[in-house]
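Biologist: I am new to reading protein models. Could you walk me through one, feature by feature?

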Amino acid sequence: GPCTECSCSSSKEMDKNTKNSKKKEKDDQPFIPKIFFGTRTHKQISQITRELKRTAYCSVPMTILSSRDYTCLHPVVSNSVSNRNEMCVELLEGKNGKSCLYYHGVHKLTEHHALQCSYGTNRAWDIEDLVSLGKKLRACAYFGARELMLGADIVFCPYNYLLDPQIRESMDINLKGQVVILDEAHNIEDCARESVSYGVTENQLRAAREELDFMVNNNIRQKDHESLRAVCCSLT
């Protein structure tokens with residue numbers, strides 16, 4: 001049978017009790033929702049964070065979600081005109097034996113305390129502050145802002161980050177049980193339409209039709225591709 005006399009028995013029991021108590025403490029802690037504050041433009045986020053600095057809540061942990069267009073620090077990717085996202089992904093995947101030095105320094109930006117100390121205690125910060133600190137620490141401001149979301153009480157972002165399901169998923173935004181504030185909400189209808197709309201050119205439709213013709217003629221999932229080809233034909 002199991003030993004009951006030696007010290008290992010009591011230590012196992014203590015470990016078990018400790019784990020149970022920690023689980024109980026975690027279960028007993030009340031759920032505190034985050035505040036997701038959505039605006040129409042990045043410029044409006046700057047205005048709101050400037051106002052936050054003037055309030056009694058200026059020291060509350062916060063973050064600002066934005067695109068790589070505003071936060072990428074990599075000298076090659078940031079100077080790219082159209083394919084920043086693709087180039088960033090390639091660096092993260094280590095294609096061609098290259099990686100992003102700034103991404104590996106993200107941990108330097110993941111402490112709210114360190115960020116606030118850099119720009120004065122009890123002070124909210126703007127995206128320019130984060131980018132400036134990222135350059136100083138050689139740390140990625142884009143992924144740093146996403147990491148800061150885990151411990152933030154207030155998350156500022158453009159409307160589409162909250163309305164577009166694909167962006168929500170890619171940014172790991174979970175709105176269940178959270179507080180959502182939308183500034184100038186009369187613009188929401190346009191933003192919602194844009195989130196579920198997609199634009200294509202006539203040349204793209206013709207190219208898609210040619211590919212679908214090939215699929216149908218070679219009996220590759222013919223039933224599925226015939227209906228898609230019919231849509232392309234009707235649109236062209």
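**Reading the spaces, the sheet and the surface**

Modeller: Happily, and let us start with an empty space: α5 gives the most to the lining of the largest cavity, with three residues. This is a predicted model, in which local features need pLDDT of at least 70, side-chain atom pairs count only at pLDDT 80 or more, and totals for chains, interfaces and linings use all residues. Residues are numbered from 1 along each chain as its sequence is written, and side-chain values use heavy atoms, with hydrogens and water left out.

Biologist: What do you mean by a cavity, and how many are there of 30 Å³ or more?

Modeller: Rolling a probe the size of a water molecule over the atoms shows where empty space is left. On a 1 Å grid over the protein atoms alone, a cavity is a set of points where a 1.4 Å probe fits but cannot get out; a pocket is an open set with protein on both sides within 12 Å along at least five of seven lines; lining residues have an atom within 4 Å of a point. Grid points are joined across faces, edges and corners, and a volume is the space filled by probe spheres set on the points. Here the count is one cavity of 30 Å³ or more, and the largest cavity holds about 100 Å³ of space.

Biologist: Which residues lie nearest the centre of the largest cavity?

Modeller: Cys72, His74, Cys88, Cys100 and Cys140 do, out of 14 that line it. Two elements, α5 (84–92) and α8 (141–148), give two or more residues to that lining. Such names come from DSSP runs numbered from the N terminus: helices (H or I, at least four residues) and strands (E, at least two). By class, the cavity lining has twelve nonpolar residues, one polar and one charged. Nonpolar covers Ala, Val, Leu, Ile, Met, Phe, Trp, Tyr, Cys and Pro; charged covers Asp, Glu, Lys and Arg; the others, Gly among them, are polar.

Biologist: And what is the volume of the largest pocket?

Modeller: About 320 Å³. It is lined by 15 residues, with Ser67, Asn85, Tyr142, Tyr161 and Ile167 closest to its centre. α10 gives the most to this pocket's lining, with three residues. The pocket lining divides into four nonpolar, six polar and five charged residues.

Biologist: Why is α8 described as largely enclosed?

Modeller: Seven of its eight residues are buried, so α8 is largely enclosed by the rest of the structure. Buried means under 20% relative accessible area, exposed over 50%, and partly exposed in between (1.4 Å probe, protein chains only). Among the buried residues of α8 are Tyr142, Phe143 and Arg146.

Biologist: Is His104 buried or exposed?

Modeller: His104 is exposed, with a relative accessible area of 51%. You will find His104 in the loop between α5 and α6 (112–118). The C-alpha atoms of His104 and Cys140 are 7.8 Å apart, although 36 residues separate them along the chain.

Biologist: How do I read the sheet, and in what order do its strands run?

Modeller: Strands of a sheet pair through backbone hydrogen bonds, either parallel or antiparallel. Two strands count as paired if DSSP finds at least two bridges between them. Here four strands form an open sheet in the order β2-β3-β1-β4, with parallel pairing. β2 (62–64) and β4 (179–182) are the edge strands, each pairing on one side only. Three bridges link β2 with β3 (residues 154–158), and Met62 has Ile154 of β3 as its bridge partner.
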